[in-house]
Amino acid sequence: MTQSKPVIGITMGDAAGVGPEIILKSLQKSQVYDLCNPLVIGDAKVLEKAKDVLGSQQKIKSVQSVNDCTYEFGVVSCMNLDLIPDNLPFGQVSAEAGHAAFEFLSKAITLANEGKIDGICTAPLNKEALHLGGHKYPGHTEILAELTGTKDYAMMLSAPTLKVIHVTTHIGLIDAVKQINPERVYQVIKMAHDTLKKAGIEEPKIAVCGINPHAGESGLFGYGEEEAQVVPGIEKAHSEGINAQGPLPADTLFFRAVRGDFDIVVAMYHDQGHGPIKVLGLDAGVNITVGLPIIRTSVDHGTAFDIAGKGIADEKSLTEALRQAVELAPTKSV
């Protein structure tokens, strides 16, 4: 009995951004084909444009079914939804590209739910374009949650020396503080614990950030948010044998995590968790949606309209996102 390679659906994201070119750059690496069977879900003619920009010799194969795909190095199979106008320029916000990005992701979710692909890896979309296209979501994560019927989910960012999972993400800071509550803190700790156990860490060491400077310093800063909103969630995790420490001051916690004291950090809000990851390098981080019934990883950068279509975008984050999607995907035997 042999192990078959997982099929990973790569969504193009915003076709006017760097997605098309970083997809082709990643698929210029033979080791990607050694790891998985990659299927681009997007627009074949945009890939042809990106191919010209890169001077690539890759063959773009337009398909309408997973069964028609060719998983061979040098051949890029693209499930062609044909939603992008011929004259769409790189580097500009457009409703057409925003709507198409939603449809690319929706198609990938359908294929994953049907078991036709084993995971999803997403290139970046643009939130302004997404909204102009009629889809009022904060980003990929919320679309994935709604279309899979998932209530409890979280964003995890993974870099070579640091993993961070978020209690809240794409909301304003004042609203984020209001939404932090003991049950949500517990749920995120539990998702972090379960995800790392599945990845082979027997007893994950989890650090939980405070909300205020110095984690409130015994009531000196803030209005008791740590004691009321965070501590009960940690205590509930402790009651289940989960190794979670905190709330701890964020200003020193991330240094300790990078040093190796902890396997993952639970951040309370977007910038608290994203900042340290981005300092490690924009091409180092991978975005993983935890709690979904399907595997989803993503680059941890935006559409980079300022350099789109110039062939200079760095593909390292997408390549790493593909690798992590393979690690998380269920192993199949044939």
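The largest pocket of this structure, a predicted model, has a volume of about 560 Å³. Of the 26 residues that line this pocket, M156, T195, K198, I288 and L328 are the closest to its centre. The model also holds an open sheet of 12 strands, and helix α1 packs with helix α12 at an angle of about 60°.

**The largest pocket**

- Two strands, β7 (154-159) and β12 (286-290), and two helices, α8 (182-198) and α12 (316-328), each supply at least two residues of the lining.
- By class, the lining of the largest pocket has 14 nonpolar, five polar and seven charged residues.

**The sheet**

- The order of the strands in the open sheet is β4-β5-β3-β2-β6-β13-β12-β7-β8-β11-β9-β10, and the pairing is mixed.
- At the edges stand β4 (59-63) and β10 (244-248), each of which pairs on one side only.
- From one strand to the next, the twist averages 25°.
- β7 and β12, which supply residues to the lining of the largest pocket, are next to each other in the strand order.
- Strands β3 (residues 37-42) and β5 (residues 75-80) pair over three bridges in the parallel sense.
- G42 has N80 in β5 as its bridge partner.

**Helix α10 and the sheet**

- Helix α10 (residues 250-259) lies across four strands: β8 (162-166), β9 (206-209), β10 and β11 (264-267).
- The direction of α10 is at about 160° to β9.
- One of the strands under this description, β10, is also an edge strand of the sheet.

**Helices α1 and α12**

- Two packed helices are described by the angle between their axes and the distance between the axes.
- For α1 (residues 19-26) and α12, the angle is about 60° and the axes are 9 Å apart.
- The crossing of α1 past α12 is right-handed.
- On the α1 side the contact involves I22, I23 and S26, which meet L318, T319 and L322 of α12.
- This contact of α1 with α12 consists of four nonpolar and two polar residues, with no charged ones.
- Helix α12 thus appears in two settings, in the contact with α1 and in the lining of the largest pocket.

**Backbone exceptions**

- Most residues other than glycine have a negative phi, and most peptide bonds are trans.
- The peptide bond from G246 to P247 is cis, and its omega is near -5°.
- P247 belongs to strand β10, an edge strand of the sheet.
- D82, which is not a glycine, has a positive phi of about 50°.
- D82 sits in the loop between β5 and α4 (95-113).
- A304, also not a glycine, has a positive phi of about 50°.
- The loop that holds A304 runs between β13 (296-299) and α12.

Notes: Residues are numbered from 1 along each chain as its sequence is written. This is a predicted model: local features need pLDDT of at least 70, side-chain atom pairs count only at pLDDT 80 or more; totals for chains, interfaces and linings use all residues. Side-chain values use heavy atoms; hydrogens and water are left out. On a 1 Å grid over the protein atoms alone, a cavity is a set of points where a 1.4 Å probe fits but cannot get out, and a pocket is an open set with protein on both sides within 12 Å along at least five of seven lines; lining residues have an atom within 4 Å of a point. Grid points are joined across faces, edges and corners, and a volume is the space filled by probe spheres set on the points. Ala, Val, Leu, Ile, Met, Phe, Trp, Tyr, Cys and Pro count as nonpolar, Asp, Glu, Lys and Arg as charged, and the others, Gly among them, as polar. Axes are lines fitted to C-alpha atoms, for helices over the stretch in contact, and angles run from 0 to 180 degrees between N-to-C directions. A crossing is left-handed if the near helix is turned anticlockwise from the far one by less than a right angle, and right-handed if clockwise. Contact means heavy atoms within 4.5 Å. Two strands pair if DSSP finds at least two bridges between them.
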